[in-house]
Amino acid sequence: MKLILAIVNDDDASNVMDELNANDYRVTRMCSTGGFLRAGNTTLLVGVEEEHVQAVLSVIEARSRSTTKSISSSQVAGMSYPIEVTVGGATVFVVDVEQFIKY
Ligand code: 2BA
């Protein structure tokens with residue numbers, strides 16, 4: 001079994017979850033915060049058998065848009081000016097599950 005951890009934009013999370021649920025995949029949604037922007041994002045946990053990993057990744061890829069965010073953090077000669085960073089579509093980790101237990 002694999003655990004897919006997907007960090008997605010808050011705005012995309014419902015679309016991703018709806019499609020995963022419609023395809024019978026179980027999902028847990030966690031509120032998270034990016035360490036760089038310190039802005040809210042969503043982390044989805046999806047536990048699936050290995051043969052379903054690609055299907056889940058396809059849903060996440062199709063439903064996650066990348067956006068640009070402007071932040072004023074760069075300092076030059078004491079002046080700060082805005083820089084743009086591209087966020088998402090999705091940052092995904094696929095990890096091995098040693099045990100899956102449901103009581
Ligand atoms: P944040 O850490 O808030 O990062 C938001 C975006 O800022 C990143 O988008 C990237 O474009 C930029 N960024 C992050 N760190 C940077 C740095 N040190 N210098 C310059 N630009 C930087 P994404 O790469 O799409 O990441 C979106 C969110 O996914 C991140 O939000 C974080 O919550 C998570 N994430 C990304 N990579 C991760 C990793 N290796 N481990 C854990 N979480 C990760």
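**Ligand shell and nonpolar core**

Colleague: What distance separates an oxygen atom of the ligand from a polar backbone atom of T86?
Modeller: This is a predicted model, with residues numbered from 1 along each chain as its sequence is written. Local features need pLDDT of at least 70, side-chain atom pairs count only at pLDDT 80 or more, totals for chains, interfaces and linings use all residues, and side-chain values use heavy atoms, leaving out hydrogens and water. A polar contact is a pair of N or O atoms within 3.5 Å. For T86 the distance is 2.5 Å.

Colleague: What percentage of the ligand's accessible area does the protein cover?
Modeller: Backbone atoms of F36 and G88 also approach ligand oxygens, at 2.9 Å and 2.7 Å. On its own, the ligand has 750 Å² of accessible area (Shrake-Rupley, 1.4 Å probe). The protein covers 51%.

Colleague: Which element gives the largest share of the shell around the ligand?
Modeller: The shell (a heavy atom within 4 Å) includes I7, F36, N41, T86 and G88. Its classes are 6 nonpolar, 6 polar (Gly counts as polar) and no charged residues. Two strands (DSSP E runs of at least two residues), β5 (79-87) and β6 (90-96), each supply at least two shell residues. The largest share, 3 residues, comes from β5.

Colleague: Which residues does V48 touch, beyond four places away in sequence?
Modeller: The largest nonpolar core (buried, under 20% relative accessible area with a 1.4 Å probe, joined through side-chain atoms within 4.5 Å) has 16 residues. V48 is among those with the most contacts inside this core. Counting contacts as heavy atoms within 4.5 Å, V48 touches M1, K2, I4, Y25, V53 and V56.

Definitions and conventions
A polar contact is a pair of N or O atoms within 3.5 Å; within protein, one must be able to donate a hydrogen and the other to accept it, and residues adjacent in sequence count only if both atoms are side-chain atoms. Helices (H or I, at least four residues) and strands (E, at least two) are DSSP runs, numbered from the N terminus. Buried means under 20% relative accessible area, exposed over 50%, partly exposed in between (1.4 Å probe, protein chains only).
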